[in-house]
Amino acid sequence: MIKQVLIGIVCGAAVLTAGILIGHFGITKSSAPSWVEDVAKDVDERLIEKFLSEVDNIQIQENLRELTKVPHMATTAGDEQTVQLMLKRWQDPETGLDQAWREEYMVYLSFPDPKKPNKVTVVSPSDEVLYTAREKEKTYPSDQDDPEVVQPYAAYSPAGHPKGKLVYANQGKPNDYQLLNNTVDLRGTIAITRYGGAGRGAKAINAAPYGVIGVLVYTDPLDINDGLMSDINETYPHSWYMPPSGVERGSFNGQFGDMLTPYLAAKEETFRIPVEDITGIPPIPIQPIGFEDAYRLICELGGEAAPTQWQGAFNCTYNFGPGFRNPSAFNNSDVKLDIFNYEEKKNSSNVMGVIKGSVEPDRYVIYGNHRDSWVHGAIDPSSGTSVMLELTRVLGKMVKQGKWRPRRSIIFGSWGAEEFGLIGSAEYTEQYFTKLSERTVAYINVDIAVFANATLRASGMPSLQNIIFKAAKQVNAPGLDSTSVYDNWIKYSNRTSQANGLIPNVGYLSGAGSDYAAFVHYLGITSMDISYTYDRSKTNARIYPAYHTAYDTFDYASKFIDPGFVSHQAIARTAGNVLIRLADSLIVPLNCSDYAETLEDYLNTAVTLYQHQLQERNISMEPLKRAVASFRSAATHLDQVIRSSDLANETPLTVRRINDQLMLLDRAFLDPLAFPDKYAYRHVIWASSSAGKPTFPGLADAFANTESQSSAWDKVHYHLSVLSQAIEGAAHTLGDVI
């Protein structure tokens with residue numbers, strides 16, 4: 001019996017051993033699916049180092065040389081040449097993108113009549129012409145002789161022939177006209193104003209209610225040239241300063257996008273509103289002139305002296321007017337504007353390109369820059385386009401060689417007709433509203449890549465601050481050995497953060513200065529805008545002096561803005577670094593706690609400025625305080641989840657859920673009814689504000705109106721509620737899914 005048991009045990013053991021051996025050697029081990037490794041991949045630092053090393057300043061220089069060969073105002077033959085250049089580069093079999101195509105829009109633009117140039121004259125009582133302002137800028141290098149250089153004009157100014165006594169209205173702000181009207185009867189006058197203080201078109205819009213019938217606008221040398229005025233040895237072509245005949249062109253409309261198709265993409269058969277229903281454009285003729293002509297006009301004015309703060313760089317007293325002083329060569333004469341502008345619907349093109357994502361192709365990181373210029377546009381916008389072309393060359397080559405493919409899709413946009421009101425980017429967001437709203441992680445805007453060569457400047461949502469810092473720390477500052485862009489930046493512009501200590505100052509995208517506007521304000525997409533700029537302690541220039549003039553050429557850029565194109569290279573490296581991290585990181589690198597700090601700063605300012613007066617009217621700020629506290633708590637919790645989780649080994653859906661929370665955060669701040677008087681502004685944190693206070697814009701503007709409108713306290717209460725509920729709602733999007 002025992003013998004049988006022992007034999008059974010031995011046989012059983014043998015069978016078991018054989019089974020184990022067969023199982024080990026005879027059955028193929030199951031392996032994880034091939035996609036698991038791809039899904040868990042994070043950003044590759046070695047790839048970023050390779051990218052940084054391959055960005056070439058000479059390539060950027062040659063890009064700019066090619067882009068600025070001819071003027072390329074929107075919809076002109078020169079613009080079409082740049083369309084073809086972008087397509088050729090992005091469709092290149094060795095360094096191009098996966099796909100590139102053009103998107104067409106039929107848009108409403110405004111042009112001067114080349115057969116009947118606009119004129120500004122001084123005429124005697126018998127209509128004898130005593131003085132004529134320049135119709136075109138003075139030629140230095142031959143660039144200004146190109147027949148396609150458009151005459152300086154105010155886009156969307158109506159045609160007309162107003163004639164009247166000249167008055168000086170400073171910057172054309174509402175309070176400027178109000179003060180002037182206290183001294184001068186403005187009915188039937190022509191106002192001369194200087195750039196700055198108010199939007200271009202607003203200078204005429206603000207004037208019309210007082211009976212002003214025409215407006216001139218010029219750039220005062222005090223505001224752009226640090227007072228320098230002579231082209232013999234002080235201004236271009238001897239330095240970067242605007243020469244006396246330089247004129248800043250521009251669009252004089254007040255909203256972005258095609259004006260005939262609000263909230264609709266401007267396709268051929270799209271419904272269009274009647275032209276007479278367009279708002280936000282000058283109701284009276286307006287024309288820009290150079291400061292050499294403004295000097296002649298202003299220094300001949302009679303009347304009382306304008307206030308000290310209205311005085312500019314001219315070596316004369318700026319008087320109010322009306323009319324010219326006695327004695328004067330222009331005594332008893334009028335100023336006449338002959339404006340022949342016309343409007344036309346024309347086809348404008350965006351050029352689009354894409355690198356498809358390998359893991360999340362339905363998540364987009366968008367990088368954009370407009371392509372059109374007023375003349376040659378070396379700095380605005382071709383500095384940005386030359387950088388974008390170099391960035392896509394390096395990334396496209398990696399893709400074509402099979403060395404890299406981003407986790408998420410990258411979309412590149414070369415926007416058309418930006419100079420006429422951010423039209424190309426706005427129409428794109430209107431056409432693809434739903435898709436972009438649901439799928440876009442972030443938008444990077446690099447318009448004017450280089451204003452000058454001193455330091456980085458960045459603006460964007462607070463959640464992007466940390467990734468901008470990280471990228472800037474990895475790029476060498478141009479011309480400075482062993483100094484990063486970050487370390488150089490912090491010397492020029494910094495602030496103290498409660499959480500992070502001394503850091504560079506990152507601005508906010510609260511207005512509509514470039515193509516980020518539709519992405520931020522209309523779609524609520526996390527966005528940023530970066531450039532290299534000048535040392536503001538060394539110049540009062542409000543922008544680079546050749547801005548929107550015929551002198552913004554390759555010669556100007558290469559001699560005075562960025563010799564060697566090393567600042568262009570630094571921007572390409574920094575922006576490209578940010579782009580790769582947004583496209584490749586396992587967890588989208590957005591920081592909610594930095595957003596919370598900004599909301600807390602805004603709240604503290606609001607409490608200081610408004611709480612006492614609100615309490616007097618039984619309006620409580622407690623809901624807003626609770627909302628901001630709730631947002632801080634949710635942001636801290638989500639940060640903790642991200643830090644404490646082994647996300648590379650989590651299920652893909654867990655990673656996707658967190659990324660969606662981060663991606664959609666700014667969408668939670670949208671309220672389509674918050675700003676009914678502001679076209680396409682829906683983001684309650686970053687809307688534009690006229691109050692000039694570092695706090696919530698809708699609340700600040702509503703509070704500013706309480707001085708003149710007794711009913712405005714209801715609007716204050718309304719905006720408090722809008723803010724409280726938007727911030728509370730955003731906090732809930734960061735919380736755990738219920």
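Buried means under 20% relative accessible area, exposed means over 50%, and partly exposed is in between. I write this down before anything else, since several entries below lean on it.

**Entry 1: the model**

I am working with a predicted model. I looked up the confidence and found a mean pLDDT of 94 for the chain, with 95% of its residues at 70 or more. Over residues 15-30 the pLDDT is below 50, and beyond near neighbours in sequence this stretch has two contacts in the model. Where pLDDT is low, the predicted coordinates should not be read in detail. I leave residues 15-30, with their pLDDT below 50, out of the later entries.

**Entry 2: the disulfide**

How many disulfides does a search of the whole structure find? I found one. Its partners are C299 and C316, with sulfur atoms 2.0 Å apart. The two cysteines are 17 residues apart, and both sit in the loop between helix 9 (291-298) and strand 11 (334-338). A disulfide is a covalent bond between the sulfur atoms of two cysteines.

I then checked the twist. The torsion about the S-S bond of C299 and C316 is about -75 degrees, so I note the disulfide as left-handed.

Is C316 buried or partly exposed? C316 has 22% relative accessibility, and buried means under 20%, so C316 counts as partly exposed. C299 has a relative accessible area of 15%, so it falls under the cut-off and is buried. I also looked up C592, which is buried at 1%.

**Entry 3: two cis peptide bonds**

Most residues other than glycine have a negative phi, and most peptide bonds are trans. I looked for exceptions of both kinds and began with the peptide bonds.

The bond from G321 to P322 is cis, with omega near 10 degrees. P322 is in the loop between helix 9 and strand 11. C316 of the disulfide is in the loop between helix 9 and strand 11 too.

D380 and P381 are also joined by a cis peptide bond, with omega about 10 degrees. I place P381 in the loop between strand 13 and helix 10.

**Entry 4: two positive phi values**

Y263 is not a glycine, yet its phi is positive, near 65 degrees. I found Y263 in the loop between strand 9 (250-251) and strand 10 (286-288). At 41% relative accessibility, Y263 is partly exposed.

A680 has a positive phi as well, near 65 degrees. The loop between helix 20 (652-663) and helix 21 holds A680. Is A680 buried or exposed? A680 is buried, with a relative accessible area of 3%.

**Entry 5: two helix crossings**

I started with helix 4 (residues 57-67) and helix 10 (residues 382-400). Their axes come within 8 Å and cross at roughly 130 degrees. Helix 4 and helix 10 are therefore oblique to each other. Their crossing is right-handed. On the helix 4 side the contact is made by Q59, I60, N63, L64 and L67. On the helix 10 side I listed S382, S383, T385, S386, V387, L389, E390 and R393.

Next came helix 18 (residues 592-616) and helix 21 (residues 697-704), whose axes come within 12 Å and cross at roughly 45 degrees. Helix 18 and helix 21 are therefore oblique as well. This crossing is left-handed. Here A606, Y610, Q613 and L614 of helix 18 meet L699, A700 and F703 of helix 21.

**Entry 6: F669**

Where is F669? I found F669 in the loop between helix 20 and helix 21. A680 lies in the loop between helix 20 and helix 21 too. F669 is buried, at 0% relative accessibility. Leaving out residues up to four places away in sequence, F669 touches Y595, L599, F631, R682, H683, V684, I685, A726, I727 and A730. I checked the spacing to one of these: F669 and I685 are 16 residues apart in sequence, and their C-alpha atoms are 6.9 Å apart.

**Entry 7: V359**

V359 is in the loop between strand 12 (342-355) and strand 13 (360-370). At 25% relative accessibility, V359 counts as partly exposed. Which residues does V359 touch, not counting those up to four places away in sequence? I listed D38, V39 and R407. V39 is 320 residues from V359 along the chain, while their C-alpha atoms are separated by 6.2 Å.

Conventions: Residues are numbered from 1 along each chain as its sequence is written. This is a predicted model: local features need pLDDT of at least 70, side-chain atom pairs count only at pLDDT 80 or more; totals for chains, interfaces and linings use all residues. Side-chain values use heavy atoms; hydrogens and water are left out. A disulfide is a pair of cysteine sulfur atoms within 2.5 Å. Helices (H or I, at least four residues) and strands (E, at least two) are DSSP runs, numbered from the N terminus. Buried means under 20% relative accessible area, exposed over 50%, partly exposed in between (1.4 Å probe, protein chains only). Contact means heavy atoms within 4.5 Å. pLDDT is the predictor's confidence in each residue, from 0 to 100. Axes are lines fitted to C-alpha atoms, for helices over the stretch in contact, and angles run from 0 to 180 degrees between N-to-C directions. Angles under 35 degrees count as roughly parallel, over 145 as roughly antiparallel, 65 to 115 as roughly perpendicular and the rest as oblique. A crossing is left-handed if the near helix is turned anticlockwise from the far one by less than a right angle, and right-handed if clockwise.
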